[in-house]
Amino acid sequence: MTQGVGTEALFHGHDDLDFRRVAHIFLRTWPFIRPAMRHLVIFILISVVIALFSATLLFIITALMNGGIVGGKPLGQLHVLIYGLDPTVYVDVEELDPDARRSLRWLVILTTIPLVAVVAGGGIGLYYYSVWIFQGINQRMRVSLIDRLQAQSLTYHATARTGDAIYRVYQDSAMVTQIIRAIFLEPLMFSGRFLFAVAIVAAFDPLLAVILAAATIPILFLGRVFSSPLRRAFRVARERNSRLTSWIQESVLGVRVVKATRSEALRERSFREYSLSAFEAAFRSRSMLIVLGILAFGANGLAVLVTQSMAAMWSNVEASTFARNILLGFGFAIWNLGSFSAATGRIGDGLGSINALISLWGRAQDMAVGLGRVYEVLDLKPEINDAPDAMPMPSFGDAVRFRDVSFAYLSGRQVLTGINLEARPGTVTAIVGPTGSGKSTMMSLLLRLADPDTGSIEIDGIDLRTLQIDSLRSQIALATQENILFSDTVLENIRYAVPGATRTAVIEAAKVACADEFIEGLPNGFDTSLGERATKLSSGQRQRIVIARAVIKDAPILILDEPTAALDAETELRVLDSLKAWGSGRCIFLITHRLSTIRRADTVAYLQDGRVGEIGTHDTLMARTDGAYRRFVSLETTDSTTETESTSG
């Protein structure tokens, strides 16, 4: 996936989206559009009916206003049929008398009322209908994006930028709704209006229609010339905005560090640079789009000048219109003020439609870039998949085994090497070691968030790669030190992994995590809303809710990643004792640095440089006078004592 590095070259380099690929990107939106086709057809039909109704009434009003009231010219037979007028007064005369002209004012008003009502009412209704249709389509694409992102392995997420993923899901995916408008609905509407205008103008005079049609030639040329530069410019703009989104996301999450290190001024300067870079790229792309519009307007302006001059000359001499018999019903048998207004109005509408189409084409290049970035994600193949013959995980009863497991996130950067470990039900296995030794990675492999490069992980002798992923993960519960909680109630946060869990089950899980005490003291108990990032709770309280969330899953395998890091010594002992009592018959893995936690484990696996350096009970390993684990504990104890003394002082 493009990460926005070196994108300046795109302004002068190769356009990675030729016409064929742009068309392919647009066609790929069909699966997301197809479920809404019935509504889109209804939308189009209603739009066509309103457009034809409006065009007809406008023609009638134009004849009444410009031909009858202003020009005093006789009306057509159509007006007689619609309004029940006397033809001897309004049609079979050389010129309308003043009384007849004044009487037409009320007909104009009466005809304008339904026109405004239909156009305004129908337009508002169609707008809200279209929003409902398009947001449903956008929702389908966003759900697909999220599903594909969540399906990727840890190897992918270890290198991908979170802000870039957010921008693709939130901004780039929105292009699918604009594509429907810009490539389907609006081109259909504007093309229809243009062809309708050509047909109507041809009825007045074929030469005017030829000039109107010829105005498309320079527009097509401009579209061809500008397409590739626009795509390059829009690509840079989106990637710079993506980087800005990543920067904002990092700054919000790291606000405590920023404040603690007094780096606000540095971050502000950095933000200005990112923001200015994104603005410059957006300004450049939009300026190019505006230049395209100006050139198209200039080309059309020449056609307007020529056609209006010709129509004015014919009106001045009252020349006959081409399709005299057809236009007679509207009162346009000869060129006059009414004919001039009707013809030039259609010419303006036709040329306006061409301008709108070239503007749409320019914007479509941005949409193609945005959707291209979406499909970069949707085209990713998940590295972790169910095997064709994958089976459900059977009831756990024997052991979890790591057999000569090696793993690297990136080629040449080994994280785990030759890991061998066995853990049985009813035991607590502590995974300890220096930071970066691979402890959390081991447990990620057990959850099959990634697969070992070599070796295997087995549950009851069955390789994890032969098990169904959902079945495996349903049998493993996880509590991490990140304490990720959601803007919901305490109750919903605890039963997040088991949405259908009863209130009783939630309370029991909270008791195991020793969280029930402080929860009951909250304003609404378990129904208290935690707000964004659960800032109402202390770190220790958040940690116990996360532990309760793992407990309620009632899984046979439990992974606790630094589960008590934020707890005081007394609370830690109570939580661990409660977990051991609850975990009888379960296999529990503890990732921890705290000696008080390690001592409660049945087995200690000491990791160093991605290898299991030593394994055994805490007492056995401490008995080795020159053992690596003993040195590790000695250093941890010294650091802990120093920290305590520093805090006390």
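These are my notebook entries on what I looked up in a predicted model of one protein chain.

**Entry 1: the whole chain**

I began with the overall make-up, and the protein chain has 25 helices and 10 strands. Of its 649 residues, 48% count as buried. I then turned to the contacts in the chain with a separation of 6 or more, and residues 24 or more positions apart account for 75% of these.

**Entry 2: the second largest pocket**

I looked next at the second largest pocket, which holds about 920 Å³ of space. Its lining is made up of 26 residues, and those closest to the centre of the pocket are Ser47, Val48, Ala51, Met189 and Arg193. Which elements give two or more residues to this lining? I found α3 (37–70), α6 (98–151), α9 (175–204) and α15 (337–378). The largest share comes from α3, with 10 residues. Sorted by character, the lining of the second largest pocket divides into 15 nonpolar, 6 polar and 5 charged residues.

**Entry 3: Glu239**

I looked up Glu239 and found its place in helix α11, which covers residues 216–253. Is Glu239 buried or exposed? Its relative accessibility is 1%, and because buried means under 20%, Glu239 counts as buried. I also noted its position relative to Gly370: the two are 131 residues apart in sequence, while their C-alpha atoms are 9.8 Å apart in space.

**Entry 4: helix α22**

I checked the length of helix α22 (residues 569–582) against expectation: at 1.5 Å a residue its 14 residues should span 20 Å, and its end C-alpha atoms are indeed 20 Å apart, so the two values agree. I then listed the buried residues of α22, which are Thr571, Glu572, Val575, Leu576, Ser578, Leu579 and Trp582. These buried residues cover an arc of only 165° around the axis, and they therefore sit on the same side of α22. On the face turned away from that buried side, I found the exposed residues Glu570 and Ala581. What covers the buried residues of α22? The cover includes α19 (503–512), α21 (539–552), β7 (557–561), β8 (587–591) and α23 (595–598).

**Entry 5: the largest cavity**

I searched the whole structure for cavities of 30 Å³ or more, and the search finds 4 of them. The largest cavity holds about 70 Å³ of space. It is lined by Val428, Leu560, Leu576, Leu579, Lys580, Ile588, Leu590 and Arg600. The elements that give two or more residues to this lining are α22 and β8, and the largest share, 3 residues, comes from α22. I noted that Leu576 and Leu579 are listed both among the buried residues of α22 and in the lining of the largest cavity. By character, the lining of the largest cavity divides into 6 nonpolar residues, no polar ones and 2 charged ones.

**Entry 6: Thr429 in strand β3**

I moved on to Thr429, which lies in strand β3 (residues 428–432). At 1% relative accessibility, Thr429 counts as buried. Which residues does Thr429 touch, not counting residues up to four places away in sequence? I found Leu421, Ala423, Ile588, Phe589, Leu590 and Thr603. Of these, Ile588 and Leu590 had already come up in the lining of the largest cavity.

**Entry 7: helix α21 and Asp554**

I repeated the length check on α21, whose 14 residues should span 20 Å at 1.5 Å a residue; its end C-alpha atoms are 20 Å apart, which agrees. This helix is mostly covered, with 13 of its 14 residues buried. Just after α21, Asp554 takes a positive phi of about 55°, and I noted this value because Asp554 is a residue other than glycine. Asp554 has its place in the loop between α21 and β7. With a relative accessible area of 47%, Asp554 is partly exposed.

**Entry 8: Arg448**

I closed with Arg448, which has a positive phi of about 55° although it is not a glycine. Its place is in the loop between α16 (439–446) and β4 (454–459). Where Asp554 is partly exposed, Arg448 counts as buried, at 4% relative accessibility.

Definitions and conventions: Residues numbered from 1 in each chain as written. Predicted model: local features only at pLDDT ≥ 70, side-chain atom pairs only at ≥ 80, totals over all residues. Heavy atoms only, no water. 1 Å grid on protein atoms, 1.4 Å probe; cavity = no way out; pocket = protein on both sides within 12 Å on 5 of 7 lines; lining within 4 Å. Points joined across faces, edges and corners; volume = space filled by probe spheres on them. Helix = DSSP H or I, 4+ residues; strand = E, 2+ residues; numbered from the N terminus. Nonpolar A, V, L, I, M, F, W, Y, C, P; charged D, E, K, R; others polar. Expected span 1.5 Å × (residues − 1). Buried < 20%, exposed > 50% of the residue type's maximum accessible area, 1.4 Å probe, protein only. Arc of directions from axis to C-beta. Contact = heavy atoms within 4.5 Å.
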